[in-house]
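Please take a moment to look over the sequence and the structure before reading on. The paragraphs below lead through them step by step.

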Amino acid sequence: MPPRSRISVEVAKPPVDFAPSIVVAETASLAGTHRIRIAANTVIHPRAKLNSALGPITIGRHCIISERTQITAPDSQGLTIGDGVVVEVNAVVEAREVGEGTAVEVGVRIGKGAVVGKNCKLSPLTRVADAEVIPDNTVLYGAGERRVDASGTAGARRKLLERHVDSLRVLIPSNASKWMS
Amino acid sequence: MPPKQIKGEYIETDTGNKVSRKSVILGSQNIILGGKTIIQADCTIRGDLRRTVAPGQQSGNVAIAVGRYCFLSRSSVLRPPGKTHRGLYSYYPMKIGDHVFVGEGTVVEAALIGSYVHIGKDCGKFTIIKDCVRIEEGTVIAPNTVIPSFSVVAGRPGVVVDELPETAVEGLELKNIYRTI
Amino acid sequence: MAPFPTIHISCPCNDSISIAPSKSSASRKAPEHDDPEESDMTFDPGSARSNFSLFPLENLLYCEDCNQIRCPRCVHDEIVCYFCPNCLFEVPSSTVKTEGNRCTRNCFSCPICFASLSVTAADESSTSTSPYILLCPHCFWSSAEIGISFEKPTSITAQLAAKLKLPSLQPSSSSASSFSTPTESYFPASASSTTPTIASVETTLTPEEMYARLKTHYATQRAGSGTDEFGTSPGALSRLMGLYSSTLSGSKRTFGTSLGVGKQTAKQKPDWHEYEHVQPTHDESTLINKMRTVGFTGTTSSQQRIIQPHHPLFTSQLRPLAALLRTKRSKRCRACRHILVKPESKVTTTRFRIKLVAMNYIPALTISLLDPTSVSYHSLTPLNTHQFLLTVTNPLFDPINVTLATPQRTPGRFPTEVTILCPDFEVGANTDVWDEALASAGATSGAPTGVQGSQGKSRRTGKKTGNTGTVWDAGRNWTTVVIEIVPPLIPVEGGDSDAEGEKKITELDRIVQIPVCVRVEYETELEREDSLSALSGREQKEKREHTYWSVLGLGRIGKFGGVKSSEGSDTLGSMDSMPTRPMGRPSSYSVNKPSAGPGLGVDAFGASGMGAAAAVAAAVRGGRKA
């Protein structure tokens, strides 16, 4: 069964600022009135939801935004996602900032206006409270425990991520032009 | 047990699979359903994330194979696991046995799931789950975990907390659930 | 407690003389003596002892020779094979004996979060010299944090052992040199006068070294005994026992003379040392200083500490945990030694060669509220009649006669009144599904008698009258009857009136648990090994009977409907301790609302106690016989 397009019922298209090398799936949903900027080599999976109704969204290079995610700008200051960030399935991101190289795993919720540092790992189903500040290299794991990542694997992770993006570029047909009008 | 659904919500295939009209199935040509499997509304199955192969090689075109009498509850996600092998990131096919129950909202990225498996919620990447396993609700299984038969798994990250009795096969059979839909 | 309703079956092994003759029967008597109310043999689910005999049906086995339920307590486990739960490789038992019960391949779990570690190539930028590390994919703990990395991605166990040992051996090498021969190791005081005192040995030896010494010591002992390899022969065992008695009491046993242990006198014997102590190298001030520097995150949690063999205080001392092996086990009946469960020895298969589970022999009970919308399981209304449907499902290929008995009032301080509307009924055989289809085609709608039909034909279904003495519903191999309960009014804690004695009202008092004695009678063909009986025409029938106690956990008593809601707040403390938080629906609080299901008059219950119901059932049965 081919997925039916439900995009037509969405609200007006937001103004976008896309780098030419990005992949935005046909059924991804971009809504809102503020500008959505997506830098080079970023992949937006089908049925990811980006909402810029309250503020602009900026997504860095080599990011992967998976399906069923909700990326919402918390307020007029907007939401900035750094380079090399992976947002996994079912995650809800309403942060002010997600630092470079951070992994937001399945089902994570980042509260409104939170600031997540660089190279963090938010393990599946963990929560970040509203306006919380997570320092760089923090690992949220288990039932909310935290520790500092000292494994020094951030660089290796980043390399793997870039390869991941390359493979997705083949698999997911992009329809970025749909938003650029 | 789920309540009886409104008539016409499901499309029944020749082999008795019942697929909700409201489910999201991407890359359906890469998905094999064994028969008598139920896919409830809002399920997402990522058949489009198939194996990437070097150009010229014959591509294995099965991304997700599901056995008989499986039950995918509402809002669950099946997603093939991916990893980098020899410098090339690729998704690998996901194989699911018979009588596998996937709970509501669960995200499954396992490499292999045996038969008679009950998954409450959330399952990590490249996990191998053998036959006769019960995964309690809210469990997060770390990537690359192997779960042997007759295990009860709970916690974040999930660890084996108990053994299932010899009657596990009878207790985990899903034929009756199929009849109610 | 699990969500309601629950059904547990009591294994009679508690008072079975054939299993544990004197001890358990004596201890069984004791509580009965204390509580005269129990002497009428009613099973009390609230008693402390019953907790150990109650099992869900799925966990019970069945011994065909004893014709008896067998619970995990009355079976013997025998290990069929050992395997690593991570790599699923079988480990031979000889390896388990020599190497211990942990995986010796590359299977480790994270010391921080216990997820399984994976061997990863280390980042080039990191400081570690070797290219591979163990990395936790969940919390990103890596072996580099404790300064360990590996040269190759295989045989991590050997590499890890080498790496852990080397640095710890270095400082102690001077004192260890006096132990040049490994054979004279663990009891140094006995060996020679040149050995340092125990105290100095203790400070310099790591637990691994001490363990290794102990191991070599025992190996020498075994070598001395010269018999079997694993010291399991009686001779070797007595040597080992003698070892303890002689070193501790100083007796002049002559074993192990090669080590000179036997020559020691009582004065020279080493003191008993507890080696599991906090490492004595740290005195308090260094410990406190270290805690100050590493902070809270640098110390281990109790769970992380306990699971490690050396109980580290700081995360810097954590080590990867080798995966504990798991076993496949066969199970034997303790009474007759017959095998009840025998899994196939291959690790990855889930099949069984022998599997005698109680599920296939005794009927399964299921229970549910007749009208699930009227009241929640977690807030049964006191003094109100609740109706439950009890379904008995027959797994046997012969029809069974079921008699249910229950005390009119459950044991305990706050008894619940129980009535089974139809305590005596028949459940059809577990025949082929097609039989039912054929039978229903020719079914006659007979009179609503409680028991009718046999051999799986002309079963009346779906009357659902709920009259006393009739079954509620029946199918091919199942029958449903109605159970009515009246939960007691539990006085509010701190209330004036009937809080008997000074005992506090516990959560257990609020849970309605109903003991039901299930008696099953059926006739079955005698199983004969010889084919003679089969040839002789009519198969011989044998009458069989099972009786067992089952405990139905029906729910939790909520607050009394009409009373002021503030009264309930007194009990909130005890409520909070319960995992299943009571979520009382407002609708269930109304007293006046009849909880009766459709067609069920309350008066049908009112006059007829259980005795009446039984009488009706008996009458019905008589009628059938006539």
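What percentage of the 181 residues in chain A are buried? In this predicted model, buried residues make up 53% of chain A. The overall dimensions of chain A can be read alongside that figure, since its C-alpha trace spans about 45 × 35 × 30 Å along the principal axes. A compact globule with 181 residues would have a radius of gyration near 16 Å, and because chain A has 15 Å, its value agrees with that expectation.

Turning to how chain A is built, one finds one helix and 21 strands. Among the contacts in chain A with a separation of 6 or more, 16% are between residues that lie 24 or more positions apart.

Chain A also touches chain B, and this contact takes 23 residues from chain A and 23 residues from chain B. On the side of chain A that touches chain B, the residues divide into twelve nonpolar, six polar and five charged.

Some care is needed when reading the model, which scores ipTM 0.85 and pTM 0.72. Chain C averages a pLDDT of 67, and 55% of its residues score at least 70. Over residues 16-40 of chain C the pLDDT is below 50, although the model gives this stretch 18 contacts beyond near neighbours in sequence. Residues 495-500 of chain C likewise have a pLDDT that stays under 50, and here the model has five contacts beyond four places in sequence.

Note on methods. Residues are numbered from 1 along each chain as its sequence is written. Chains are lettered from A and ligands numbered from 1 in the order in which they are written. This is a predicted model: local features need pLDDT of at least 70, side-chain atom pairs count only at pLDDT 80 or more; totals for chains, interfaces and linings use all residues. pLDDT is the predictor's confidence in each residue, from 0 to 100. Two residues are in contact if their C-beta atoms, placed from the backbone, lie within 7 Å. Ala, Val, Leu, Ile, Met, Phe, Trp, Tyr, Cys and Pro count as nonpolar, Asp, Glu, Lys and Arg as charged, and the others, Gly among them, as polar. Helices (H or I, at least four residues) and strands (E, at least two) are DSSP runs, numbered from the N terminus. The radius of gyration is taken over C-alpha atoms; the globule rule is 2.2 Å times the number of residues to the power 0.38. A residue is buried if 20 or more other C-beta atoms lie within 10 Å of its own, exposed if 12 or fewer, and partly exposed in between; C-beta atoms are placed from the backbone.
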